[in-house]
Structures are given as structure tokens and as C-alpha cells.
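Thank you all for coming. I would like to walk through one protein chain this morning, beginning with its overall form and then going down to individual residues.

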Amino acid sequence: MSYFSSERCTMFYNDAAASNVDLKNKPAVLFVNGWAISSRYWKPLIEKLTPDYRCITYDQSGTGKTVIENDHKPSFTIEGFADEAAALIEHLGLNKERNLHIIGHSMGGMVATELSLRYRDIVTSTTILACGIFEENALTSFGLMFLGGLIDFSMGFRNAFRVEPLRTMFIKRAATADIGKEYGDIIVEDFTTSDKDATNAVGHFSIDREVLRAYTEHVIEIPSPVLCCVGMMDHTIPPDGTVTLFHTRKQKSTSPTRLVQFMNLGHLPMLEDPERFAEQLKKHFEFADDFYKNNSCPDNDDDTLQIV
């Protein structure tokens, strides 16, 4: 566990290679967190990956142990969050060869997309988890308006989620399967203690029409193989958006795209079923490695998988 200072913040991060030098030359995996949550929720998944991969997590500005001092100047935008992740990538020397996999969860999928375009010559694969695209229509407009109101309400009364029955309701909205008391406590604690300005800004730009339009364009442009992954019982972000993302990339992108649907999981598959989620990530990483080694797109009719 280490700290790294930049213009934005003093960032808390964890590089598995710091405690195990044998991982230094393994493929690196950078995890980009979702809204108002620290990097602690990746731990069960990392335990499944670490023997074969150099896993790197960090707390974004406004969350966890990352510190924003008076002299720091963080901008709470997709580009701003990508800037701080890029600074970490370069600090760790991950920008020197094609040996980096990026996983973005929820809002982090937008940041992962930006990073995948900035480092198109470095990134081996991208995983977009629970961060879909949606057609613009009256129903979508109403949904975004409703979600904006829900964000405002949640931020105004977020300490109430520490108390039952709201605590249990909050956790169940995020996770359909049981994630245990330890991680239930983490989800609630992170949300209720995150920086209010950062959390409010992220909540609103995540549903901003212009931001969503830009994300829709950019995620199609990712040149590396992309895994679209989603829990179909997700009550936080409509899972159909991730399915739409998959079909849109299949139609418009020249690089491979796969879809994995966890039919009985929610917004947090890394906690709800870390073993099977890790298995699918490893398959994706290996596929992407082969893609670049062979310099071609292999025939792959098995590009969708439903896991019950």
C-alpha cells in the first residue's frame, strides 16, 4: 500500500508487485472504481487473479484514503479522473509496452474507456462492467431525470443509510446475491464518507446527456478487445445498456467484443461471485494476448455467454 502525489491529490494505491517482486513482469491489471466507493471491494477478485497477474487498485479523488489538500486542484470529470489514473500508470512504468489490462466498473467504465483510447498502443484488453449505452428516447429522458432526483435525495440524506432498514435496502440495491457483512459495511461506509462535492459531481455527470453521448462514441472506438460484463439482476444501472453496448460494438467496431451475462447477479459481481467472474476475466485476458500476438481477429462464434 503506497501513496503517490500529483496536482490533483495524494493518491492511495496498492500494487501487488510491491509485496511480491515476482509479479513485476506479469501482465498488469488496473481496476477503475465505480461511484462513491473505494478500491477495497476488489479484494476477493484480486485474490483469484494475483498468482498470474499484477493487480493494481487505487482510490479516486474524493474516495477512500486518497487525500485532497488545499493546494490540490482536482476536476471531477471523466477527463480529470482519467488524468489521475494516467499519472499512476506512468508513475508505475506501465506505459512502456503492451502489457496492461484495464477494468472499469460502473462510472469507472467511462474512465476506463478514456484510458483505453489514450493508451491504445499499450492496453491489451478493456473490460466494461455495468456501464452501458442507451438509446435516446422519452423513456430514457424520464429515467435520467428520475435518477438525477434520486442522486440529490441520496446525497442529502446519505447518513441515513447507516441505519436499518435503509442500510439493508441500500446493499440489496447494489448486490442481488449475498456479499457478507464485511463488504456490506464497506459499501455503506464508502458511500457515506466519500467527499460530497466529488460524489455529487460524479453522480450527475454520469447521467449528463453530452457526457453519455461522448461515452457512446468513445467506447465504440476502443481498439483493444473488449469484454462487456453485466449482472442481469442489476438494480442500480439497467443491464440492458451493457447488452446494447455489446451489439453496437459488434456492428461498428473492428476489434473483438464479447458479452458475459451473470443472470442471477447484480451490480457487484466481483463480490457476488468472484470465482466465476475471475474465470471470465482470465479467458478475456488470454484471448486479448492471442489477438495481439497473432495480429489478427480470430474467428469466434462463441462471443456471448450467460452464466446462471
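I will take the chain as a whole, then two buried residues, and then the salt bridges.

Please keep in mind throughout that this is a predicted model, and that the values I quote are computed from it.

Let me begin with the fold, where the secondary structure of the chain comes to eleven helices and nine strands. The radius of gyration is 18 Å, close to the 19 Å that the globule rule gives for 308 residues, and the chain is therefore as compact as a globular protein of that length. If you prefer to think in terms of dimensions, the C-alpha trace spans about 55 × 45 × 35 Å along its principal axes.

Of the 308 residues, 55% are buried. When we look at contacts between residues at least 6 apart in sequence, 78% of them join residues at least 24 apart. The accessible surface comes to about 14,100 Å², and carbon and sulfur atoms account for 51% of that area. As for charge, there are 30 positive and 43 negative side chains, and the centres of these two sets lie 2 Å apart.

Now to two particular residues. What does Trp42 touch, if we leave aside residues up to four places away in sequence? The list is Phe31, Val32, Asn33, Thr57, Ile103, His105 and Met270. Trp42 itself sits in the loop between strand 3 (28–32) and helix 1 (43–49), and with a relative accessibility of 0% it counts as buried, because the limit for that class is under 20%. Met270 deserves a second look, since its C-alpha atom is separated from that of Trp42 by 6.6 Å although the two residues are 228 apart along the chain.

Thr242, in helix 9, is also buried, with a relative accessible area of 1%. With residues up to four places away in sequence again set aside, Thr242 touches Ala130, Cys131, Gly132, Cys228, Cys229, Val230 and Leu259.

That brings me to the salt bridges, of which the count comes to 13, and I will discuss three of them.

In the one between Arg213 and Glu210, the N to O distance is 2.6 Å. Both residues lie in helix 8 (residues 209–221), three residues apart, which is about one turn of the helix. Arg213 is partly exposed, at 33% relative accessible area.

The salt bridge between Asp303 and Lys250, whose closest N and O atoms are 2.6 Å apart, has another setting. Asp303 lies in the loop between helix 11 (274–294) and strand 9 (304–307), while Lys250 lies in helix 9 (residues 240–252), so this pair ties together parts that are 53 residues apart in sequence. Is each partner buried or partly exposed? Asp303 counts as buried at 12% relative accessibility, whereas Lys250 is partly exposed at 39%.

Salt bridges that share partners also join Glu164, Arg167, Lys181 and Asp185 into one network. Within this network, Glu164 forms a salt bridge with Arg167, and their closest N and O atoms are 3.8 Å apart. Here Glu164 is partly exposed, with a relative accessible area of 45%, and Arg167 counts as buried at 17%.

I will stop there, and I am glad to go back to any of these residues on the screen.

How values were computed:
Residues numbered from 1 in each chain as written. Predicted model: local features only at pLDDT ≥ 70, side-chain atom pairs only at ≥ 80, totals over all residues. Heavy atoms only, no water. Salt bridge = Lys/Arg side-chain N within 4 Å of Asp/Glu carboxyl O. Buried < 20%, exposed > 50% of the residue type's maximum accessible area, 1.4 Å probe, protein only. Helix = DSSP H or I, 4+ residues; strand = E, 2+ residues; numbered from the N terminus. Rg over C-alpha atoms; globule rule 2.2 N^0.38 Å. Contact = heavy atoms within 4.5 Å. Areas by Shrake-Rupley, 256 points an atom, 1.4 Å probe, with all protein chains shown as cover. Lys, Arg positive; Asp, Glu negative; His and termini not counted. Charge placed at Lys NZ, Arg CZ, Asp CG, Glu CD.
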